[in-house]
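Here are my notes on the structure, set out as numbered points for a reader who is new to this kind of description. Please keep the sequence and the 3D view open while reading.

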Amino acid sequence: METVLGLYLHIPFCSAICNYCNFNRGLFDTALKTRYVAALEQEIRTEGERRGAPNADTLYFGGGTPSLLSADEVARLVRACLESFRVCDDAEITLEANPESVSAAQLAALREAGVTRLSFGVQSFLDEELVRLSRLHTADRVRRAVREARAAGFDNISLDLMMWLPGQTVEAWMTSVDEALALAPEHLSMYMLEVYPNAPLKDLMARAVWSQAPDDDVAEMYEQALDRVGAAGYRQYEISNVARPGRASRHNMKYWSDGAWLGFGCGAHSTFDGCRWKNLSGTGEYIEAIGAGASTRVDVQELSADRRLGDALFTGLRVTEGVDIAALGRRYNTDVWARYGHELERYVDAGLLHVQPHRWTLTRPGMLLAHEVMSVFV
Ligand code: SF4
């Protein structure tokens, strides 16, 4: 079967650094951004040529804050992809956007530049929660940004929400879910906040005596949200993602369905041709390496069939339709049940994993404890 790639472009700039953020990003700097976009274009063109312009059907601008690029810069990078890879006509081209960093004119220009899908980092519709997260936007700004995006012609909009925020109650969380539904997005992502040990938010929580809700409440947040969005016509297709029919993220599905992708830019990951690697993380060192014609790759791993099988199960179980064990067995020439069955029996007995002859799926309780089940495949 011919591989159809996803292309990921990392944009590592933000207007301010949020107090919980653990992504590869830094503060926006116009001169650095200009040099970075040139380096990114060069990497895309070099890689496309080196690999003989493979097929691709998704482009994804992730960050950081990709909406800090000008529409001209986005157009330039889209063009570089279209000229260096065989990108299908109906490619999904997603750009992550922060609500405060877009304007009506810019959104219209982004649509013109070929962007087909916007993913807004909303997190909450309660201003008090947004302040706690040190986000720069307000709930009103989100509503305006979505209206402006619709006016610009975007018919595929995703909103990111976060549950388990410090001090958040089940009721407050459901207010955000309802506010998101009121904007009728095509897609919703609902993540749980993870407070990293060195995150400034952790200190702030200690000083302000904010804590995250107990486990039972967060399970309730998850369950209620899935029920509410389900009743509104959205289908859950992955642990944290729901969409209107036909609007699942084609790009992200590559990560969860044993697909292949090339990542461009600092810190971007790639998985292609049985190999996995990561680019240099630092923005400056990445630009320098590209300028010098040197490799940007670190952590290059040739993946054995056993490792690829484990990874395919690890990511594939995130998807609600689960994994086709027979197909994976054929692909990796392994009896999958014989390889993993004895380690999984306890999760089947605990009602976390549903095993049919050809398909394994996580149950809803299993989705909340997915990290436990998936530890088997690491
Ligand atoms: S906008 Fe996103 S990437 Fe940037 S600092 Fe905030 S959470 Fe991190």
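1. Of the contacts in the protein with a separation of 6 or more, 72% are between residues 24 or more positions apart. Please keep in mind that this is a predicted model, and that the points below describe that model.

2. The protein contains 15 helices and 17 strands. Its radius of gyration is 21 Å, close to the 21 Å that the globule rule gives for 378 residues, so the protein is as compact as a globular protein of that length. The C-alpha trace spans about 55 × 50 × 40 Å along the principal axes, and buried residues make up 40% of the 378 residues.

3. Which residues have the most contacts inside the largest nonpolar core? This core has 71 residues, and the ones in question are Leu7, Leu9, Val74, Cys81, Phe120 and Leu161. A second, separate core of 15 residues includes Ile239, Leu313, Tyr347 and Met367. To return to Leu161, its contacts, not counting residues up to four places away in sequence, are with Val122, Gln123, Ser124, Ser176, Val177, Ala180, Leu188 and Met190.

4. The domain assignment divides the protein into domain 1, residues 5-256, and domain 2, residues 305-377. The centres of the two domains, taken over C-alpha atoms, are separated by 28 Å. In the contact between them, eight residues come from domain 1 and eight residues from domain 2. On the side of domain 1 that touches domain 2, at least two residues each are supplied by helix H8 (215-231), strand S9 (235-238) and helix H9 (250-256), and the largest share, three residues, comes from S9. By class, the residues on this side of domain 1 are six nonpolar, one polar and one charged.

5. Which residues surround the ligand? They are Cys14, Ile17, Cys18, Cys21, Phe23, Arg25, Gly63, Gly64, Thr65, Asn98 and Gly121. Sorted by class, this shell has five nonpolar, five polar and one charged residues.

6. Two residues of the ligand shell, Gly63 and Gly64, deserve a second look in the backbone, where a cis peptide bond joins Gly63 and Gly64, with omega about 20°. Gly64 lies in the loop between strand S4 (55-63) and helix H2 (71-84).

7. Is Gly48, a residue of helix H1 (residues 30-50), buried or exposed? Gly48 is buried, because 22 other C-beta atoms lie within 10 Å, and the cut-off for a buried residue is 20 or more. Although Gly48 and Glu83 are 35 residues apart in sequence, they are 8.4 Å apart in space, C-alpha to C-alpha. Not counting residues up to four places away in sequence, Gly48 touches Ala53, Ser84 and Phe85.

8. Val87 is found in strand S5 (residues 86-97), and it counts as buried because it has 24 C-beta neighbours inside 10 Å. Val87 and Pro54 are 33 residues apart in sequence, while their C-alpha to C-alpha separation in space is 8.3 Å. Leaving aside its neighbours within four places in sequence, Val87 is in contact with Ala56, Asp57, Cys81 and Leu82; of these, Cys81 has already appeared among the residues with the most contacts inside the largest nonpolar core.

9. Which sign does phi take at Ala184? The value is positive, near 50°, in a residue other than glycine. Ala184 is found in the loop between helix H6 (170-182) and strand S8 (187-192), and it counts as exposed because it has 12 C-beta neighbours inside 10 Å, where the cut-off for an exposed residue is 12 or fewer.

10. Asn333 also belongs to this part of the note, since its phi is near 55°, a positive value in a residue other than glycine. The place of Asn333 is in the loop between helix H12 (325-332) and helix H13 (336-349). Asn333 is exposed, because 8 other C-beta atoms lie within 10 Å.

Notes. Residues numbered from 1 in each chain as written. Predicted model: local features only at pLDDT ≥ 70, side-chain atom pairs only at ≥ 80, totals over all residues. Helix = DSSP H or I, 4+ residues; strand = E, 2+ residues; numbered from the N terminus. Rg over C-alpha atoms; globule rule 2.2 N^0.38 Å. Contact = placed C-beta atoms within 7 Å. Near = placed C-beta within 6 Å. Nonpolar A, V, L, I, M, F, W, Y, C, P; charged D, E, K, R; others polar. Core = buried A, V, L, I, M, F, W, Y, C linked by C-beta atoms within 7 Å. Domains from an automatic or database assignment.
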